[in-house]
Amino acid sequence: MDPPSASDGPDGSSIKPVSSLLAKFENMNKSNENQAGPPPPRTVSPAPKPEKLFRDTTPTNHATNLATPVNAREPPAIPKTRPKDKLNLANLHPSAAATPSSGSSGPSSPTRPVLPPVSPRPIRPPSLMVEPPQSPPKSGMDKTVVERPGFLHTDSMVKPSSPATGSKQFKIPSRPHTPILEPRSRSPRLVPSQPPSPPPPRRSGELRRAPEIRENRPAIPPPINRAEKPSILRRASYFGDGSHGYDVRSSSVEKEKVSPFNSPPSSNGTHEDDEEEEVPPVLPTRPRPQPDVHMRAKVIQTGFEPPPIHHTVATQRKERGKERDYMNGSAKEPITPQITGELRPALPARPVSMVGTVRAVTAAMAMAPPPRPPRPGINTSVQETSPAASATSQKRVVSTPTTQQQPPPPTRGHGRSMTVDRTSSRVPPEFRTPAAPITETANARPTDTVMVSAARVEAPVTLTTAAWPDSSNTNRNKPYIGKGMYEIPTKYDSRVFDVCGELACTTGSLTRVWSLLDGELLMSLAMSEGMKGTSVAFKPGKHVGEEGERIWIGNNFGELMEADISTQSIVGSKANAHGRHEIIKIYRHFNELWTLDEVGTLHVWGPDENGVPSLSSGPSQSFRVPRGHTFSMVVGDDLWLATGTEIRVFLPTLDGKTQFQVLIRPLHQESAGEVTCGTHLTTDTNKVFFGHSDGKVSIYSRTDYSCLGVMNISNFKINSLAGVGRYMWAGYNTGKICVYDMAQSPWAVKKDWQAHALPVVKLVADPSSFYKLDRFQVVSLGADNMLRTWDGLLQEDWLECEMKSKDTEYCDFEKLRALVMTWNAGASTPNSLRYSDTDASFFQDLLQSSDSPDILVFGFQELVDLEDKKATAKRFLKPKKKEGSDQERMSHQYRDWRDFLQRCLDDYMSGDLYHLLHTAPLVGLFTCIFVKADLRDRISNLSSAEVKRGMGGLHGNKGAIVVRFMVDDTSLCFINCHLAAGQSAANQRHKDIEAILEATLLPPERDPAVRVDSYVGGGDGSMILDHELCLLNGDLNYRIDTMSRDTVVTAVKAGNLSKLLERDQLLVARRRNPAFMLRAFEEMPITFAPTYKYDVGTDNYDSSEKKRSPAWCDRLLHRSSRGRIEQLDYRCHDGVRVSDHRPVSGRFRFTVKRINPKRRAVAWMECQQRWEDIRAKEAWDEKLYYLTQLIGYDAATAQQLIDERSSRSNHREQHRSPSRRRDLSGSAHRALT
């Protein structure tokens, strides 16, 4: 190309003198072109004419310009697989670099004219340093010049937008960056087109600073006449070269030239908005879809500065940046879902199907199981689907398609598979990586943009189940393992462990391995000072027989160690396997081990020539995942990783040819808290479960990654989840473990027990236990440093439930009538009932309308004046009498009421004879139970207890009286309560109820058969909820919330009881609080007015100074198994005005049973046989899953191994003493006879 004329400026624009001083300055430059020494200083910098401020848009050919300089120094060679300009999107298109133009052929770029190469010798700037906001262009600013000009300030240089990571991102060395040429964060545009402002006059201080700037610099050549110096090469446009662009300016604008006084690219004369805008990020490293330069150029304004950003838009951008930083853990640590390590050339074209390479197997051992098969190959072929089909299908993306596609039209969503919303045209710096190699096979994927839009359009509605799990039939018996050690103390602070068969390994300051069969310590290794084990996993063996022989340990210094259990020694190590970063997880995936550190580096350790992973060499592949790990697990071939509330899915592979990141955006549920744990079920492989810090469980589908629902299961943090068969085990911060049956909705709490004194740290369902030990074990580690082993099959629970479901086959049933009354008498005596006719006839009416019940229960509260401080102190401080009968210990108030009730029964129930079964007093509480004479002989195992809840459990003014007995083979329990008073004391009442129902009060039953037959929930009768029939009465003191007294009174007078019941504290707690103990009880709907608080002797609610709000304090609740209690009525006796409470009564029908021993023995044998059949099926399924899904055998080989192991077990069983089987059959025979 011919050089520009003498009238052309450094950027090809015409120079027109605007004053005599400008003409003189140009003549001086022309005459001193080759002269050394500084030019005379300029005193005034004239401003250019406004009409000459537009940028020239004459096309240029960038490829030719880069090839033109011959004598100039060139930058170091760039790999052919990388683009030479990571900020030039045109380089991403293969045809851009392959279509160079030569000479002065037609225009190929819509932006600038073709310029000649820069002179090879360095060009010095003029000695007069003019630094106005819009100063004239300075020489030496060609982007292709290797040496950085001495007058460039580092503040004006573009800093890399993506920090250096382990992936060694591509960077062009020694290339000055000019902020003006970089794309702005607002919108991509041709930046140098804004009109500059006239430079201000030069101040004297600035003239004196010129020599200081030139200090310590090489000699500066004389200034060059702009009329004769060659044009400066312009850096390639961000939007592509001339072969891929349209002219975005009109012909009239193209003819205009840029004034020489326009700001040079490196000057600090940029607009203030430019300095505040984000630095444009670098491009991703993987081959991405090519943006359509033509369409994007049509919407870019090149003549004027865009309008300023509104402050609300700037705030939104800043918030989005903070969200991205939070998601990634740090803005300086980009999420790079790309293989780290040394840079490799571009990925080859992916074949239609890729089958895993079959690993050569060494000579098989004579009696050893077959070697492990190779990991199933991952089919990475691209399914030929239409774009429409891709839009509706789920978004599992691929990275190396086999066919070449034309670039899709540009969309606001990027084709990069990222876990952020890519709808913006600006990609944040932390999600950009250097440009990937461009090959023929790395073209754009047209399905990517389709999938992005599909992900944006799809808005699946997540079903959140507000109902809490049903806990009415919860079993509280601890599922102890049948054989082996129940618990093992680790004796040091351990938080990480793994299990394989009979071996359990914990790590921390020590690494120890125990035998779960006898508790023997098999290995103990001490860590160095300051070092601790942070992750541990059993290493895969060559075949299934070698599983569990060695372990991998990761520590807080990024070191991996391999320990041999038999020799108790370290047999291999890899120092700095993860730099100096703590290794937080070690995963097992077939015969591979994956290690993850705290900064998100994931190493895949593939098998060596022996078929097992080894530390003698480096990892097979390395990947990067986001920081902020809270939980992760391997499900199938995928790695599900949670960071806070977001869940991402990755697909690590050994060859690295498959897209690592599976989903475009992370999975997230607004209604759930931070992810703390997760699991999946072997019986339902399509679902993945995650536990959250707020007690919720979210369920996702493995096929389309949609959220199937969110369940509320607890108010406490879920520390660990384990899928055991078809049940879900959950460990809580309270130390409890709950087992949930997910077959119904809402779930049912099948089991609930206190497993540890401190929080449950982790639960592990050992998949190898059935194959190795012929049992299904679940191991828990608590913060109390105890390892405990549980029966994963819940055998005792199953047998108990099965026997109770068959009780109609071996039991005879009978229905009994019962009358229960509760009354807060307010220190009334029987004589107090004489002053009113309605009070005097209360008990007569109650008994005569009761239909001759078989059992009568009278529960009183406040038979003594609790407001009398002197009497209360006397009762509290006076010691109890050690000797004496019940008559002597009972005060006169209780004796008076007992005698009065006996007289009432004799007078008003003359046709029936009743016996006093039991009386029990407790500081105002009094329980009196009568039974018919013909029922008295059928009652056994009578006992009672009391629970004090007043003054922190020291005083009996608040508490409960518990009475239990057996009628035939049915256990009954009656509880008379008086709970904490006060409108705002609801939580204290909850605690009182919990203490009463969970207290171990009564003598336990020793006979296992009686436990199964007469008690429920795996109990032994020592707790209230162990009994089959429970009835709770008393002054529970639950009030009506969020309503004033006048509103409540008005609603009562209007008969609007439903409005009040919606705010009743007891009913609200049953609906909303899953830990509320009375959720297991039932209550008949209330149809009467509140029973508290009345003015004594009237029907008016409290009119005293306190004016307490009315409430249903006096209640009757019941609990039974399989509906064995039926409530017939529930009423309030409004005629009794002697107290501030109204009496409440209810009639019930109890179903009791009598067991036939012979028929029970037959049913027991049938249950045992059915259990063995179910257990055999469960064992087969678990063994097959272990060998195929964890070890990696095919189904045929796995079945062969199972059959061989079963035959050896049967052979050993034949040589074992059959005494136990003989004893079992003998006991069954004796029962039948």
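**Strands, sheets and ring pairs in the predicted model**

Strand 24 (residues 727-732) and strand 25 are joined by five bridges and run antiparallel. This comes from a predicted model, so everything below is read off computed coordinates. Within the pairing, A730 has C738 in strand 25 as its bridge partner. The two strands make a hairpin with three residues between them, and here G735 takes a positive phi near 90 degrees. Strand 25 also pairs with strand 26 (residues 748-754), again in the antiparallel sense, this time over six bridges. On that side I737 stands opposite W753 of strand 26, and the hairpin formed by strand 25 and strand 26 has six residues between its strands. Strand 25 (residues 736-741) is largely enclosed by the rest of the structure, because five of its six residues are buried.

Stepping back to the whole protein, the secondary structure comes to 28 helices and 40 strands. Of the 1233 residues, 53% are buried. Long-range contacts are well represented: taking contacts between residues at least 6 apart in sequence, 69% join residues at least 24 apart. The accessible surface comes to about 54,400 Å², and carbon and sulfur atoms account for 52% of that.

Further along the chain there is an open sheet of six strands, with mixed pairing and the order 32-33-31-30-40-39. Its edges are strand 32 (914-922) and strand 39 (1125-1132); each has a single partner strand, so one side of each is left without a neighbour in the sheet. On average, and ignoring direction, neighbouring strands here are turned by 15 degrees against each other. At one end of the order, strand 39 pairs with strand 40 (residues 1144-1155) in the antiparallel sense over seven bridges, and R1131 finds its bridge partner in S1145 of strand 40. Helix 19 (residues 892-908) lies across four of the strands, namely strand 30 (811-824), strand 31 (855-861), strand 32 and strand 33 (925-932), and runs at about 25 degrees to strand 33.

Aromatic residues turn up together a good deal, with a count of 34 aromatic pairs. One of them is W798 with W1171, a tilted pair at 5.5 Å centre to centre with 45 degrees between the planes. This pair links distant parts of the chain, since W798 belongs to helix 13 (residues 795-805) and W1171 to helix 26 (residues 1157-1191), 373 residues apart. Both tryptophans, W798 and W1171, are buried. Y1038 and F1076 make an edge-to-face pair, because their ring centres are 6.2 Å apart and their planes stand at 85 degrees. Y1038 sits in the loop between strand 37 (1029-1035) and helix 23 (1045-1053), while F1076 sits in the loop between helix 25 (1065-1072) and strand 38 (1114-1120), so the pair ties together parts 38 residues apart in sequence. Y1038 and F1076 are likewise buried.

Ring pairs also build a cluster, made up of W823, F842, F843, F858, F860, Y894, W897, F900, F926 and F930. Two arginines, finally, are placed over rings. R580 lies over the face of F557, 4.9 Å from the ring centre, and the charged end of R1205 sits over the ring of Y771 at 4.6 Å from its centre.

Definitions and conventions
Residues numbered from 1 in each chain as written. Predicted model: local features only at pLDDT ≥ 70, side-chain atom pairs only at ≥ 80, totals over all residues. Heavy atoms only, no water. Buried < 20%, exposed > 50% of the residue type's maximum accessible area, 1.4 Å probe, protein only. Contact = heavy atoms within 4.5 Å. Areas by Shrake-Rupley, 256 points an atom, 1.4 Å probe, with all protein chains shown as cover. Pairing = 2+ DSSP bridges. Axes fitted to C-alpha atoms, helices over the stretch in contact; angles between N-to-C directions. Phe/Tyr/Trp six-rings, centres within 6.5 Å; stacked < 30°, edge-to-face > 60°. Lys NZ or Arg CZ within 6 Å of the ring centre and 35° of its normal.
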